[in-house]
Amino acid sequence: MIIDANVQPHFRYNAEIRKYLPAAHRLRSIPDVEQQWYQAPGGNYREDLYGEHYPGSDRDTVARHLFDDGGVDYAVLNPLTRGNIADYLLNSRICAAVNDWLLDRWLEPDTTNRFRGTIRVNPEDPKGAVAEIERLAAHPKLVQVGVPMQSREPYGKPVFEPIWEAAAAHGLPVAVHINGGNGVDYAPTFAGHAHTYPGYASFMPLNYFVHLATLIVEGMFGRHPHLKFVFTDGGYDILTPLMWRLDTFWLSMRDQTPWVDRYPSDYLPAHVRFCSSAFDGPTDPGQMQRWMDFSGKTDLLMYGSGYPHWSTCAPGEAAAGLDSAQRDKVLWRNANELYGLTEPIEAGPINERSV
Amino acid sequence: MTTIERVNPQTEHDEIVVAIVDTDVHPMPVSTDVLKSYAPADWVDKIWPTGNAVTPLPHFYDTPDSYKTMSMRVDAHPPGGGFAGTDPDYAAKQLLVDAGVSIATLEPMCDAQLPQAEHVLKATYNDWLADVWLDRNNAHGRWRGSIGVSAQVPERAAREIQRWAGHPYMAQVLMTPQTRGIPFGSPHFDPLYAAAAANGLPVATHLMGQTPFELIPIYPVGNPAHWHDFFAAWPLLYVSHLMSLVFDGAFDRHPDLRVVFVEGGFTWAMPVMWRMDRIWEARRADLPHVRRRPSEYVREHVRFTTQPLEDADVKHFREYLEMMDLGDNLMFSTDYPHWSYDAPAYAINRFPAAQRERIMRGNATALYGLPPTVTALPGEGPAADVSFE
């Protein structure tokens, strides 16, 4: 059994999204599928997947690559939107359009029953985000809420709390994913803009830690015991050093944040998961088993291919060096526990929606 | 607990073996007026326009009880009065005699907003530090200084480095990591790096002012509200600078450059080296100017100071450090007289036995060219040799 918890389906062509936008927004300017400030030289996606349409845009091809060639049993689709564009209401419309497209093109016509999806919402529009979760949460194939890594406020800040509360109330984890596009964002590193693509790509996933630290310190996990976050770009390689540092100063800082009533790292097992990435982990596979034990990562990590990204990682690569119990947890057990994927899908009419 | 055993303590000696080097200590001027006396007269009103003291700096992110403690060890305020770190004799008693530090590297902290004012302020601090700490109160020769420079004006920084080159006790250059959006690997800093490398001086970086707002790094997904999460994420500023130094070719342009990351953690170095190596392997065509594996640059060019040590389970922490294998790159530090001080006796036990000697003194001695013995102070037990087992 293998569960791929991080797959990005793409529109076939840039204008396709306009079919899913309300008439009033169809002529707005919207960034292209592959448009982003830090694009990988040669393309963001696997070279062999470029063709008439965008990579990862044909359901049968994706199914063949993941299920037939890769041996994957279930795949969680987490589509990108177009970045934190300045008009947050338009961004919310784009999220809804992406969700309707995902249902229309991917989840409803899929007879294999192996694809699951993500409800993309725009955190800069908290009311709209909550409404979008309420609109779609009952759909049996939508298993999580998706938000961008990019943000101008970290996700522990109270402005976001209604969104996380709605997700938790529906038992939906919140998946954070780097979302290209052309957003109004801060520079991607703590020291400013990266001068090279590798400088960008190696640092950007590590920003998850600011979201995580603020979620803990602001008490978000304490107030919402069912809230779960999935950081889908990896970055778990730096989890142990930074959580140790957060733990070290916990006791000293309790005067300021008394609601943090346990060591910060004690929140990890119930609230935090990561998807695997090609950039994480020891370069010597012999160190893998011992290294996974630090911070209990064996229970936190889920296989995610990142398909069709250029750094797409096959299950065998993600599990290299793990013992068989670790391998089981990473390749499917942890994801299965989070998403309940082996439970039968409820029969019945698909959730009503307005396009 | 492992301690440093002083062998042959009964014998009187003027010289004691260097057992512990502390690479992060913060001296302060007794008053702003004292500092002003070292500043060019025409700059005094520009740097201190209100006449108010610039020290201690107010903090955007406050540490516990900071109105009372000002982020200092409350027992570090000199009994004769004055702020923590202002009295060289009292610092010598607490840090050198009582805590057993043999040699300490002094890193004064200061900031000014405008580039030229920052440069003048740094030069003023350098003159004050050289006079008060490195000359008049350094008969024992156990204080080492840092040449403060403004990273905003690298050409002037280079001239300031040149002004102090050859000083017997100036051990390194000190620049802020709060570079207002310019990563360390940028050619912007080349004149500064070239001058430091040409004079055999490492470039250390340490959290500087927490005010004004423009000096706080903008965290890419927004800034936390509390010191707790702000400071836990602070190492990511150093990670950003280190990735830039490697990927933007600074170590290729300056083969003799050595960089010291102070008080920003060090256990992150292992995953960051893996991460850089992996992406370098995958994207070599994007990095034709990066000729070696990134982790090789780190091992050769970079040092990390150890305070604040992470309070993890000691056994796991030692195993982690063994796995990390950076025993040649870590240098012990206390952060005296600041509140999160790490005592030598607390720290040494947390390092793997095979790395202790290098971390406590060996690496710093080699980097700064320190002597094997120093003058004993009154009350110090002489030692013929020390053991780190």
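## Ser240 of chain B at the chain interface

Leaving aside neighbours within four places in sequence, B:Ser240 is in contact with A:Thr189, A:Phe190, A:Ala191, A:Phe203 and B:Pro183. The model is predicted, and the contacts of B:Ser240 therein include residues of chain A as well as B:Pro183. B:Pro183 and B:Ser240 are 57 residues apart in sequence, yet their C-alpha atoms are 7.2 Å apart in space.

B:Ser240 belongs to helix α9 of chain B. The residue counts as buried because 26 C-beta neighbours lie inside 10 Å, where 20 or more are required.

## Helix α9 of chain B

The burial of B:Ser240 is shared along its helix: 13 of the 13 residues of α9(B) are buried, so the helix is largely enclosed by the rest of the structure. The length of α9(B) agrees with expectation, because 13 residues at 1.5 Å a residue should span 18 Å and the end C-alpha atoms are 18 Å apart. After α9(B) comes B:Gly249, which has a positive phi, near 80°.

## The interface between chains A and B

Helix α9(B) also takes part in a wider interface, in which 53 residues of chain B are in contact with 54 residues of chain A. On the side of chain B that touches chain A, at least two residues each are supplied by α8 (227–233), α9 (235–247), α11 (269–282) and α13 (314–324) of chain B. By residue class, this side of chain B comprises 32 nonpolar, 12 polar and 9 charged residues.

## The sheet of chain B

Chain B contains an open sheet of 8 strands with parallel pairing, in the order β3-β4-β5-β6-β7-β8-β9-β10. Its edges are formed by β3 (21–25) and β10 (330–331) of chain B; each has a single partner strand, so one side of each is left without a neighbour in the sheet.

Within this sheet, strand β8 (residues 259–261) of chain B pairs with strand β9 (residues 302–305) of chain B in the parallel sense, over 3 bridges. B:Val260 has B:Arg303 in β9(B) as its bridge partner.

## Overall form of chain A

Chain A has 12 helices and 8 strands. Its radius of gyration is 19 Å, close to the 20 Å that the globule rule gives for 355 residues, so chain A is as compact as a globular protein of that length. The C-alpha trace of chain A spans about 55 × 50 × 40 Å along its principal axes.

Of the 355 residues in chain A, 56% are buried. Among contacts in chain A between residues at least 6 apart in sequence, 82% join residues at least 24 apart.

## The sheet of chain A

The strands of chain A form an open sheet of 8 strands in the order β1-β2-β3-β4-β5-β6-β7-β8, with parallel pairing. The edge strands, β1 (3–7) and β8 (301–302) of chain A, each pair on one side only. Strand β2 (residues 74–77) of chain A is joined by 2 bridges to strand β3 (residues 115–120) of chain A, and the two run parallel. A:Val76 is partnered there by A:Arg116 in β3(A).

## Strand β7 of chain A and its neighbours

In a regular strand, side chains alternate between the two faces of the sheet. Strand β7 (residues 272–275) of chain A is covered on both faces: A:Val272 and A:Phe274 on one side, and A:Arg273 and A:Cys275 on the other, are all buried.

Strand β6 (residues 229–231) of chain A runs parallel to β7(A) and is joined to it by 3 bridges, with A:Phe229 partnered by A:Val272 in β7(A). β7(A) also pairs with β8(A) in the parallel sense, over 2 bridges. In that pairing, A:Met302 in β8(A) is the bridge partner of A:Cys275. From β7(A) the chain crosses to β8(A) through helix α10 (residues 288–293) of chain A, in a right-handed β-α-β crossover.

## Helix α4 of chain A

The buried residues in helix α4 (residues 161–169) of chain A include A:Ile163, A:Trp164, A:Ala166, A:Ala167 and A:Ala168. Among the elements covering the buried residues of α4(A) are α3 (126–136), β4 (142–148), β5 (174–177) and α7 (220–223) of chain A. A:Gly171 follows α4(A) and has a positive phi, near 70°.

How values were computed. Residues numbered from 1 in each chain as written. Chains lettered and ligands numbered in written order. Pairing = 2+ DSSP bridges. Helix = DSSP H or I, 4+ residues; strand = E, 2+ residues; numbered from the N terminus. Contact = placed C-beta atoms within 7 Å. Nonpolar A, V, L, I, M, F, W, Y, C, P; charged D, E, K, R; others polar. Expected span 1.5 Å × (residues − 1). Buried ≥ 20, exposed ≤ 12 C-beta atoms within 10 Å, placed from the backbone. Rg over C-alpha atoms; globule rule 2.2 N^0.38 Å. Right-handed = clockwise from strand over helix to strand, strands pointing away.
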